[in-house]
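Got the model open and a cursor ready? Let's go through it stop by stop, selecting as we go.

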Amino acid sequence: MAYDIELIRHSLAHVMAAAVKKLHPDVKFAGGPAIENGFYYDFDTEYRFSEEDFEKIEKEMRDLIKSNGRFEQRNVSLDEAKEIFAAQPYKMEWLNEYDAAGEDLSIYTFRDFVDLCRGPHVESSKDLPRDAFKIRSVAGAYWKGDAKNKMLQRIYVDAFASKEELENFLKMQEEAAARDNRKLGKDMDLFHFEPEYAPGAVFWHDKGYKMYRKLIEYVRARQEMAGYQEISTPAVMDRCLWERSGHWAKYGEHNYSGKTQDGKVFCIKPMSCPGGMLVFGHGLRSYKDLPLYMAEFGKVHRYEAAGGLSGLMRVREFTQDDAHIFCTEEQLEEEVVKILRFIKDIYGKFGFDKITMKLATRKESEFRIGSDEIWDKAEGALKHALDANGIEYEIAEGDAAFYGPKIDNYLRDSMGRVWQCGTVQLDMNLPERFDLSYVGEDGEKHRPIMLHRAMLGSIERFMGVLLESTGGNLPLWLSPEPVVVTPISQKHAEYAMEVVGALRAAGVNARADLRDEKVNYKIRELSLAKTPIIAVVGEKEMAEKNVTLRRLGVEQQESMPLADFVEMMQNDVKMPL
RNA sequence: GCCGGUUUAGCUCAGCUGGUAGAGCGGCUGAUUUGUAAUCAGUAGGUCGUUGGUUCAAGUCCGACAACCGGCACCA
């Protein structure tokens with residue numbers, strides 16, 4: 001009988017636990033769920049698993065599967081469960097919790113491995129594939145996902161229903177690795193890092209910075225079309241600003257700060273919000289000004305944990321395409337929807353059609369501010385904005401910021417990891433802390449509702465995701481160098497420069513590759529650097545005043561008059577507004 | 001920050017059980033003047049991540065630190 005893949009994965013997790021138990025009888029079991037593309041199991045043992053163990057475990061698993069062991073379920077009493085799991089402290093913790101919650105205690109037995117588990121599972125290991133799983137890695141993971149707890153050893157396994165599917169998956173993973181933003185950064189000469197001097201901070205090269213500026217210019221253009229203002233606030237301000245905003249208490253240790261010669265403590269801004277509050281708070285605001293859209297491309301610095309840094313995806317210095325929207329309570333929902341539609345439209349222009357949205361709700365913490373009533377209202381408002389407009393979303397319980405709930409937009413990188421990009425956040429804290437107000441129709445002062453909004457999120461991260469999703473094969477409007485003109489020989493160098501000149505005069509970035517190399521060589525090199533269009537010019541083109549084009553990834557060549565080419569390029573590099 | 005792995009030339013990597021470093025590409029020089037994914041030849045380039053130790057001798061063994069990679073935690 002055909003089982004659901006999740007059932008197979010979960011059952012394989014038990015098989016692996018049984019295999020590990022055979023090899024290391026002293027091991028303590030935590031838990032092992034099915035996940036996307038496979039499963040994992042968490043173990044606690046003095047023994048350190050390493051890659052050399054993978055094959056042994058896999059072989060043991062195959063032997064166990066071959067043995068046609070049955071997965072047998074039964075419910076047990078608390079006393080019986082305690083007896084069974086007496087030597088398994090993690091299982092003991094679970095069963096006590098389940099019992100306290102009034103749940104039945106269900107156990108599954110496979111060979112000599114017994115697990116506290118609700119199931120369901122396959123009937124027998126003969127229903128499991130023997131050649132469709134492969135141990136991927138071993139990594140540390142905290143018990144119950146809490147850094148205060150002990151770190152266990154987690155073994156990740158890729159698992160599918162058939163060998164073909166596994167092989168396909170592994171092949172795709174390999175191809176995905178070739179699209180890694182760090183690799184493309186090198187291949188395309190976009191940026192590099194200097195771990196010795198600035199870990200987690202990007203050194204942008206010419207082409208990378210051109211692309212970076214294009215992203216900002218695009219968002220700026222769209223914002224201006226939507227009636228946004230744009231401001232710029234100081235990069236370094238007195239610490240008291242963040243004490244006032246409340247960020248210092250929670251994030252102080254993640255800030256870059258230092259004393260001046262007169263003993264003041266200044267801080268490099270970790271976010272632009274408080275600066276924006278000061279701009280709004282400067283002078284009188286009227287209800288007629290609302291909703292007020294105030295954007296800032298702010299370069300921010302956060303001393304992120306060393307282990308969290310990752311290429312362009314997680315850095316310590318980045319630019320946020322931040323904006324704050326001040327509105328009335330009545331305007332709130334419409335503004336939220338407007339932003340979500342704005343984000344969706346812009347992401348579509350970058351080819352991102354699948355966006356995961358999550359409504360992040362409150363988490364109990366000493367830092368959370370605002371009463372339960374306000375949170376109810378805030379969460380309700382965001383939820384209603386989503387529901388009433390048929391926007392699909394998931395709920396991420398406990399993921400809210402300390403000052404309010406938010407709706408985050410996630411994109412995936414080439415390896416399938418999700419990264420938070422755009423976000424809409426309702427802030428119930430800052431307007432209060434900065435005593436913001438506007439004068440209403442009634443002549444009285446009112447507190448505005450404030451929304452944070454980032455479209456791309458971090459320019460760095462968005463570029464990382466964009467590079468990986470396109471594999472570096474960028475649309476012309478985003479390409480830092482859409483055309484390279486390549487003469488066949490030195491005799492055609494002058495004409496190549498003429499072509500370049502015509503393109504530049506039309507506002508199209510282009511350069512000539514005048515190196516004394518064969519065309520083959522230059523085509524290969526320019527292609528590896530993901531040059532979108534190579535314009536080859538030789539005897540024929542020079543005589544006829546045209547160009548022969550080779551587009552990235554397309555072998556078919558096309559020829560056209562120079563004037564037509566320039567006009568075409570001029571159109572193709574235009575931003576899709 | 002935590003667990004594991006890794007760190008050798010600009011890049012990609014090789015260096016077995018300790019006996020003071022190699023390749024390809026790239027760079028430079030020369031030849032070649034090229035028609036759609038690598039033209040040929042010559043040549044320069046490394047205190048082997050940093051630091052401490054073991055040893056007659058350390059890229060190689062041990063310790064500390066740092067960075068990077070994969071996870072976990074964190075993510076205003």
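Strands here are DSSP runs of E at least two residues long, numbered from the N terminus. Keep in mind that the model is predicted.

**Stop one: the second largest pocket**

Start by selecting β8 (151-159). This strand gives three residues to the lining of the second largest pocket, the largest share. Add β7 (133-142) and α5 (163-177), which also supply at least two residues each. The pocket holds about 760 Å³ of space. To put yourself in the middle, show R136, Y156, M415, G416 and R417, the closest to the centre among the 16 lining residues. Colour the lining by class and you get six nonpolar, five polar and five charged residues.

**Stop two: the largest pocket**

Now move to the largest pocket, with a volume of about 1400 Å³. Its lining takes in 44 residues, and those nearest the centre are Y251, R302, K406, Q420 and Q425. Select α9 (247-251), β16 (317-327), β19 (406-412), β20 (418-427) and β23 (449-458) to see the elements that give two or more residues to this lining. Which of them has the largest share? That is β23, with five residues. By class, the lining of the largest pocket counts 18 nonpolar, twelve polar and 14 charged residues.

**Stop three: the two cavities**

There are two cavities of 30 Å³ or more in the model. The largest has about 40 Å³ of space. To find the largest cavity, select M188, K207, L474, S479, P480, E481, A529, K530, T531 and P532, which line it. Five of the residues in that lining are nonpolar, two are polar and three are charged.

For the second largest cavity, with about 30 Å³ of space, select I231, S272, G276, M294, A295, E296 and H324. Strand β15 (residues 292-301) gives the most to this lining, three residues. The classes here are three nonpolar, three polar and one charged.

**Stop four: a five-stranded sheet**

Next, show strands β24 to β28 as cartoon. They form an open sheet of five strands in the order β25-β24-β26-β27-β28, with mixed pairing. Why do β25 (510-512) and β28 (557-561) each have one side without a neighbour in the sheet? Both stand at the edges and have a single partner strand each, so one side of each is left free of a neighbour. From one strand to the next, the twist averages 30 degrees.

Zoom in on β27 (residues 546-551) and β28, which pair in the antiparallel sense over five bridges. Pick T548 and you will find S559 of β28 opposite. Then bring in the helices. Helix α18 (residues 562-572) packs on the sheet and touches β24, β26, β27 and β28, with its direction at about 105 degrees to that of β28. Helix α15 (residues 493-505) lies across β24 (483-487), β25, β26 (533-537) and β27, and runs at about 170 degrees to β25.

**Stop five: a three-stranded sheet**

Go back towards the start of the numbering and select β4, β5 and β6. These make an open sheet in the order β4-β5-β6, paired antiparallel. β4 (71-76) and β6 (113-116) are the edge strands, each with a single partner, so each has one side without a neighbour in the sheet. Here the twist averages 25 degrees from one strand to the next. Look between β5 (residues 105-110) and β6: four bridges join this antiparallel pair. T109 has V114 in β6 as its bridge partner. Across β5 and β6 lies helix α4 (residues 89-100), running at about 40 degrees to β6.

**Last stop: β14 and its partners**

Finish on β14 (residues 265-268). Which residues make up the covered face of this strand, and which the uncovered one? V265 and C267 are on the covered face, while F266 and I268 are on the uncovered face. Now add β12 (residues 236-238), joined to β14 by three bridges and running antiparallel. M237 stands opposite C267 in this pairing. β13 (residues 257-259) is also antiparallel to β14 and joined by three bridges, with K259 opposite V265. Before you close the viewer, click on G263: in the hairpin of β13 and β14, which has five residues between the strands, G263 takes a positive phi near 85 degrees.

Key:
Residues numbered from 1 in each chain as written. Chains lettered and ligands numbered in written order. Predicted model: local features only at pLDDT ≥ 70, side-chain atom pairs only at ≥ 80, totals over all residues. Heavy atoms only, no water. 1 Å grid on protein atoms, 1.4 Å probe; cavity = no way out; pocket = protein on both sides within 12 Å on 5 of 7 lines; lining within 4 Å. Points joined across faces, edges and corners; volume = space filled by probe spheres on them. Nonpolar A, V, L, I, M, F, W, Y, C, P; charged D, E, K, R; others polar. Pairing = 2+ DSSP bridges. Axes fitted to C-alpha atoms, helices over the stretch in contact; angles between N-to-C directions. Contact = heavy atoms within 4.5 Å. Buried < 20%, exposed > 50% of the residue type's maximum accessible area, 1.4 Å probe, protein only.
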